[in-house]
Amino acid sequence: VQLQASGGGLVQAGGSLRLSCVASGRTFSNWAMGWFRQAQGKERDFVAGVRRSDGSTYVADSVKGRFTCSRDNAKNTVFLQMNNLKPEDTAVYYCAAAQFLYTDQKNYDYWGQGTEVTVSS
């Protein structure tokens with residue numbers, strides 16, 4: 001699976017961004033999709049993800065109520081809608097594919113190249 005993330009940019013605190021990740025190469029609906037982020041000097045952390053089976057989602061507590069994840073299998077795309085952004089959301093955001101929805105990055109088989117999000121105060 002090849003993954004291409006996009007949608008990052010510079011936004012003021014309180015603003016919104018929508019990240020997209022387009023998949024190619026294999027049947028998209030067979031894969032659970034996750035979003036991770038890595039701030040400078042920190043580890044890569046799970047943000048949100050969507051299951052392959054029923055499209056249900058799981059969102060990390062740190063972004064719950066502000067971020068939502070969804071998928072469009074017809075477009076081979078997974079989205080991360082980010083609202084009420086805060087400076088601490090500044091990071092490079094990555095999409096990844098796995099057989100099941102995991103929060104541990106070690107379980108993901110394929111990764112996108114990352115898209116940078118910067119939130120100014």
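Two strands pair if DSSP finds at least two bridges between them. In this predicted model, an open sheet of four strands runs in the order E1-E3-E8-E7, with antiparallel pairing. A search of the whole structure finds one disulfide, and the largest pocket holds about 160 Å³ of space. The points below take the sheet, the cysteines, strand E11, Val-59 and the pocket in turn.

**The four-stranded sheet**

- Strand E1 (2–6) and strand E7 (67–72) are the edge strands of the sheet E1-E3-E8-E7, and each of them pairs on one side only.
- On average, neighbouring strands of this sheet are turned by 15° against each other, direction ignored.
- The antiparallel pairing of E1 and E3 extends over five bridges.
- Opposite Gln-4 stands Val-22, a residue of E3.

**The cysteines**

- A disulfide is a covalent bond between the sulfur atoms of two cysteines.
- The disulfide of this model joins Cys-21 to Cys-95, with 2.1 Å from S to S.
- Distant parts of the chain are linked by this pair: Cys-21 lies in strand E3 (residues 17–24) and Cys-95 in strand E9 (residues 91–98), 74 residues apart.
- The torsion about the S-S bond of Cys-21 and Cys-95 is about 65°, and the disulfide is therefore right-handed.
- Buried means under 20% relative accessible area.
- Cys-21 counts as buried because its relative accessibility is 0%.
- Cys-95 has 0% relative accessibility, so Cys-95 counts as buried too.
- Cys-69 has its closest cysteine sulfur in Cys-21, but the distance from sulfur to sulfur is 9.7 Å, which is too far for a bond.
- With a relative accessibility of 7%, Cys-69 also counts as buried.

**Strand E11 and its partners**

- Side chains alternate along strand E11 (residues 115–120).
- Thr-115, Val-117 and Val-119 point to one face of E11 and are buried, whereas Glu-116, Thr-118 and Ser-120 point to the other face and are not buried.
- Strand E2 (residues 9–12) pairs with E11 in the parallel sense, over four bridges.
- Thr-118 in E11 is the bridge partner of Leu-10.
- E9 pairs with E11 in the antiparallel sense, over three bridges.
- Thr-115 in E11 has Tyr-93 opposite.
- Strand E9 also holds Cys-95, one end of the disulfide.

**Val-59**

- Val-59 has its place in strand E6 (residues 57–59).
- Val-59 counts as buried because its relative accessibility is 12%.
- From C-alpha to C-alpha, Val-59 and Glu-116 are 20 Å apart in space, and they are 57 residues apart in sequence.
- Glu-116 is one of the residues of E11 that are not buried.

**The largest pocket**

- The largest pocket has a space of about 160 Å³.
- The residues that line this pocket are Arg-37, Ala-39, Lys-42, Glu-43, Asp-45, Phe-46, Val-47, Ser-62, Glu-88, Thr-90 and Ala-91.
- Four residues of the lining are nonpolar, two are polar and five are charged.
- Strand E5 (residues 44–50) gives the most to the lining, with three residues.

Definitions and conventions
Residues are numbered from 1 along each chain as its sequence is written. This is a predicted model: local features need pLDDT of at least 70, side-chain atom pairs count only at pLDDT 80 or more; totals for chains, interfaces and linings use all residues. Side-chain values use heavy atoms; hydrogens and water are left out. A disulfide is a pair of cysteine sulfur atoms within 2.5 Å. Helices (H or I, at least four residues) and strands (E, at least two) are DSSP runs, numbered from the N terminus. Buried means under 20% relative accessible area, exposed over 50%, partly exposed in between (1.4 Å probe, protein chains only). Axes are lines fitted to C-alpha atoms, for helices over the stretch in contact, and angles run from 0 to 180 degrees between N-to-C directions. On a 1 Å grid over the protein atoms alone, a cavity is a set of points where a 1.4 Å probe fits but cannot get out, and a pocket is an open set with protein on both sides within 12 Å along at least five of seven lines; lining residues have an atom within 4 Å of a point. Grid points are joined across faces, edges and corners, and a volume is the space filled by probe spheres set on the points. Ala, Val, Leu, Ile, Met, Phe, Trp, Tyr, Cys and Pro count as nonpolar, Asp, Glu, Lys and Arg as charged, and the others, Gly among them, as polar.
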